[in-house]
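Visitor: I have not seen this structure before. Could you take me through it by question and answer?

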Amino acid sequence: MIAGIGNRDVSTQMVDSEVISLLDPGRLKSLKMIQKYISKLNDEHISLFSLIPYIRHEVVDTTKTLHEKVNLWIDDNIKNID
């Protein structure tokens with residue numbers, strides 16, 4: 001635990017993993033659709049775990065939890081995918 005706290009990458013990955021695990025099946029499906037869409041646009045694989053830090057950075061509102069931010073980001077971006 002102490003090593004994880006000292007290693008930001010490990011603790012960040014744990015938080016990101018927890019956020020993904022909290023998504024309901026519909027949200028997870030939407031997030032995966034967005035992930036595939038972004039991967040296709042960039043012509044490279046973008047992982048789910050690389051999206052969470054991006055969402056955290058993009059959604060600056062500090063009055064919301066990371067889980068709430070992820071849900072809002074999914075809502076905003078799923079509209080762009082057919």
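The questions below go from the whole chain to single residues.

Visitor: Is this model predicted or experimental, and what is the mean pLDDT of the protein chain?
Guide: This is a predicted model, so each residue carries a confidence value from 0 to 100. In the protein chain, 82% of the residues reach 70 or more. The mean pLDDT is 79.

Visitor: Which helix has the lowest confidence in the protein chain?
Guide: Confidence is highest in H3, at a mean of 90. At the other end of the scale, pLDDT stays under 50 over residues 1–6, and the model has two contacts beyond four places in sequence for that stretch. Where pLDDT is low, the predicted coordinates should not be read in detail. The lowest mean, 42, belongs to residues 2–6, which form helix H1.

Visitor: How many helices and how many strands are there in the protein chain?
Guide: Read from the N terminus, the elements run α-α-α-α-α. The count is therefore zero strands and five helices.

Visitor: What share of the 82 residues in the protein chain is buried?
Guide: A residue counts as buried when its relative accessible area is under 20%. The accessible surface of the whole chain comes to about 5900 Å², and carbon and sulfur atoms hold 57% of that surface. Of the 82 residues, the buried share is 28%.

Visitor: Which helices each supply at least two residues of the largest nonpolar core?
Guide: In soluble globular proteins, nonpolar side chains tend to be buried together. The largest nonpolar core here has 15 residues, and those with the most contacts inside it include Leu31, Leu51, Val70 and Trp73. The helices that each give at least two residues to this core are H2 (8–22), H3 (25–42), H4 (48–58) and H5 (66–78).

Visitor: Which residues is Ile55 in contact with, leaving aside neighbours within four places in sequence?
Guide: Ile55 is among the residues with the most contacts inside the largest nonpolar core. Its contacts beyond four places in sequence are Leu31, Lys69, Val70 and Trp73.

Visitor: What is the distance between the end C-alpha atoms of H5, and why does it agree with the expected span?
Guide: H5 has 13 residues, and the expected span takes 1.5 Å times one less than that number. The expected span is therefore 18 Å, and the end C-alpha atoms agree with it, being apart by 18 Å.

Visitor: Is Lys69 buried or exposed?
Guide: Lys69 lies in helix H5, where the buried residues also include Leu66, Asn71 and Ile74. The C-alpha atom of Lys69 is separated by 9.5 Å from that of Ile52, 17 residues apart along the chain. Because its relative accessibility is 10%, and the cut-off is under 20%, Lys69 counts as buried.

Visitor: How far does the backbone nitrogen of Thr65 lie from a polar atom of the side chain of Glu68?
Guide: Glu68 is found in helix H5 and is partly exposed, with a relative accessible area of 38%. Its C-alpha atom is separated by 9.9 Å from that of Leu23, 45 residues apart along the chain. From the side chain of Glu68 to the backbone nitrogen of Thr65, the distance is 2.7 Å.

Visitor: Which residue caps the N-terminal end of H3?
Guide: H3 has 18 residues and reaches 26 Å from its first C-alpha to its last, close to the 26 Å expected. At its N-terminal end, a side-chain oxygen lies 2.9 Å from the backbone nitrogen of Gly26. That oxygen belongs to the capping residue, Asp24.

Visitor: Which residues does Ser39 touch, not counting residues up to four places away in sequence?
Guide: Ser39 is found in helix H3, and it counts as buried because its relative accessibility is 12%. Other buried residues of H3 include Ser30, Ile34 and Gln35. The residues that Ser39 touches are Glu44, His45 and Ile46.

Visitor: What is the phi of Asp43?
Guide: Asp43 is found in the loop between H3 and H4, and at 73% relative accessibility it counts as exposed. Most residues other than glycine have a negative phi, and most peptide bonds are trans. Asp43, just after H3, takes a positive phi of about 55°.

Conventions
Residues are numbered from 1 along each chain as its sequence is written. This is a predicted model: local features need pLDDT of at least 70, side-chain atom pairs count only at pLDDT 80 or more; totals for chains, interfaces and linings use all residues. Side-chain values use heavy atoms; hydrogens and water are left out. A nonpolar core is a set of buried Ala, Val, Leu, Ile, Met, Phe, Trp, Tyr and Cys residues joined through side-chain atoms within 4.5 Å. Buried means under 20% relative accessible area, exposed over 50%, partly exposed in between (1.4 Å probe, protein chains only). Helices (H or I, at least four residues) and strands (E, at least two) are DSSP runs, numbered from the N terminus. Contact means heavy atoms within 4.5 Å. Accessible areas come from the Shrake-Rupley method with a 1.4 Å probe; for residues, only the protein chains shown count as cover. A polar contact is a pair of N or O atoms within 3.5 Å; within protein, one must be able to donate a hydrogen and the other to accept it, and residues adjacent in sequence count only if both atoms are side-chain atoms.
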